[in-house]
Amino acid sequence: MSSHTETPGVVPSYLLARLAESGRYPRAAAAARQTLTAGRPPFRARIDLSIDENGDLVAQLSDAPNRTISDAGNTQNLPGVIVRGEDDEPVADTSVNEAFDGLGATFEMLLAAFGRNSLNDAGAPLDATVHYGVDYDNAFWDGERMVFGDGDGEVFVGFTSSTTVIGHELAHGVVQYTANLEYQGQPGALNESIADVFGALTEQYLLGQSAADATWLIGAEIFTDAVQGTALRSMIEPGTAYDDDELGKDPQPAHMSGFVRTTEDNGGVHINSGIPNRAFALFAIDLGGNAWETAGTVWYRALTGGLSSTANFTQFADATVAAASAIDAATGAAARRAWTTVGVYGDERVPSTD
């Protein structure tokens, strides 16, 4: 949150701030908001009013999301027709509103936890398209926007219902603008894992859950009741998210001794991500409190601190331990314990060939 800097003018900012909240004068309120935020394009801002210790009204500007939701109309044509913008009221379409809210929740977590203003830390608009394709069983980040399918109704339901899925996909945008981890092998698995971490943090921040109380599930809302499973992935217990006659068993390893070497899935990016996922969950629970605070900050600093785009598990672990140790020795020791428990550190670690 950044304080508003007083600019030359006959009307003081505190009066404009008060006027901006007016219900009696909607046109003037809109004009006051525009005046207060002038000079900050292309960013959006919101006005926060508070009373200081002297009883004076304080107006501050903080970053705000800029969301646009489009509807593909069950085609695969992007972006589709715009159906809701940032200043629009909720619409009749639940998927539109869920996407809008999920984008907002991710924006709020990034700002509150890391001081990051949207995906690029420069107020990038958050765009999404719903109703993509017919019975489309996925959601993805295409480098510019979130895209949501509706699911088939038998195994998967609409993907907008999952905050962890939305946070996960948007986190790929954060990775894209920071370390830009290549989507192959261990760097690709780290890319997927960091997206899961941010997805989980978004849900936990939204719900006010501590690390101990969180489910650590990714995509818990997207299976139908017919599926024998709880989610797409479990960060705290990789390999346990589902065990279904049709879908098979969750293949994620929880330890480097189970590291999967495969040419499928870009070298197992969605499979081996279970290992760093568990490391983060263990680290956060070990520290206690809210995962988006210290634990999340450590992972974020590792991601944004000059990490190579080809970083393997050990290199990322080293980056997190360095970031944790910069906080204090106990935090550094907790990070080491987590990576040792999952076998990235220690004699049991499978040597990397990435």
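How much accessible surface does the protein have, and what share of that surface belongs to carbon and sulfur atoms? In this predicted model, the accessible surface comes to about 15900 Å², and carbon and sulfur atoms account for 48% of that area. Turning from the surface to the inside, buried residues make up 48% of the 354 residues in the protein. The chain is arranged into 10 helices and 12 strands. Among contacts between residues at least 6 apart in sequence, 55% join residues that are at least 24 apart.

Next comes the inside of the protein. In soluble globular proteins, nonpolar side chains tend to be buried together. Here, the largest nonpolar core has 78 residues, and those with the most contacts inside it are Phe-198, Trp-216, Phe-280 and Trp-339. Helix H3, which covers residues 94-114, gives this core its largest share, namely 10 residues.

Phe-198 is a handy place to start looking around. Leaving out residues up to four places away in sequence, Phe-198 touches Met-109, Leu-110, Phe-114, Gly-167, Ala-171, Val-174, Tyr-300 and Leu-303. The last of these, Leu-303, is found in helix H8 (residues 294-304). Is Leu-303 buried or exposed? With a relative accessibility of 2%, Leu-303 counts as buried. Setting aside its neighbours within four places in sequence, Leu-303 is in contact with Val-174, Val-175, Thr-178, Ala-179, Ile-194, Phe-198 and Phe-316. Take Val-174 from that list: Leu-303 and Val-174 are 129 residues apart along the chain, yet their C-alpha atoms are separated by 9.4 Å.

Now for the aromatic rings. The structure holds 16 aromatic pairs. The ring centres of Tyr-132 and Phe-140 lie 5.5 Å apart and the planes meet at 80 degrees, so this pair is edge-to-face. Its two members are covered to differing degrees: Tyr-132 counts as buried at 9% relative accessibility, whereas Phe-140 is partly exposed at 21%. Phe-259 and Phe-313 also form an edge-to-face pair, with 6.1 Å from centre to centre and 80 degrees between the planes. Phe-259 sits in the loop between strand S12 (248-249) and helix H6 (265-268), while Phe-313 belongs to helix H9 (residues 313-327), so the pair ties together parts that are 54 residues apart in sequence. Both Phe-259 and Phe-313 are buried.

Some rings gather in a group: Trp-216, Phe-280, Phe-283, Trp-299, Phe-316 and Trp-339 form one aromatic cluster. Three of these names have come up already, since Trp-216, Phe-280 and Trp-339 are among the residues with the most contacts inside the largest nonpolar core.

Charged side chains meet a ring as well. Which residue has Arg-67 lying over its face? That residue is Phe-100, and Arg-67 lies 3.7 Å from the ring centre. Arg-84 also lies over the face of Phe-100, at 3.6 Å from the ring centre.

How many salt bridges does the structure hold? There are 3 of them. Arg-67, already met above Phe-100, forms a salt bridge with Glu-86, and the closest N and O atoms are 2.8 Å apart. Arg-67 lies in strand S4 (residues 67-71) and Glu-86 in the loop between strand S5 (81-85) and H3, so this pair ties together parts that are 19 residues apart in sequence. Even though these are charged partners, Arg-67 is buried, with a relative accessible area of 11%, and Glu-86 is buried too, at 17%.

Another salt bridge joins Asp-196 and Arg-233, with the closest N and O atoms 2.7 Å apart. This pair links distant parts of the chain, as Asp-196 is in helix H5 (residues 185-207) and Arg-233 is in strand S10 (residues 233-234), 37 residues apart. Asp-196 counts as buried at 0% relative accessibility, and Arg-233 is buried at 10%.

The remaining salt bridge is made by the side chains of Asp-286 and Arg-337, at 2.9 Å from N to O. Asp-286 lies in helix H7 (residues 274-287) and Arg-337 in helix H10 (residues 329-341), so the pair ties together parts that are 51 residues apart in sequence. Are these two partners buried or partly exposed? Asp-286 is partly exposed, with a relative accessible area of 37%, and Arg-337 counts as partly exposed at 42%.

Note on methods:
Residues numbered from 1 in each chain as written. Predicted model: local features only at pLDDT ≥ 70, side-chain atom pairs only at ≥ 80, totals over all residues. Heavy atoms only, no water. Helix = DSSP H or I, 4+ residues; strand = E, 2+ residues; numbered from the N terminus. Buried < 20%, exposed > 50% of the residue type's maximum accessible area, 1.4 Å probe, protein only. Contact = heavy atoms within 4.5 Å. Areas by Shrake-Rupley, 256 points an atom, 1.4 Å probe, with all protein chains shown as cover. Core = buried A, V, L, I, M, F, W, Y, C linked by side-chain atoms within 4.5 Å. Phe/Tyr/Trp six-rings, centres within 6.5 Å; stacked < 30°, edge-to-face > 60°. Lys NZ or Arg CZ within 6 Å of the ring centre and 35° of its normal. Salt bridge = Lys/Arg side-chain N within 4 Å of Asp/Glu carboxyl O.
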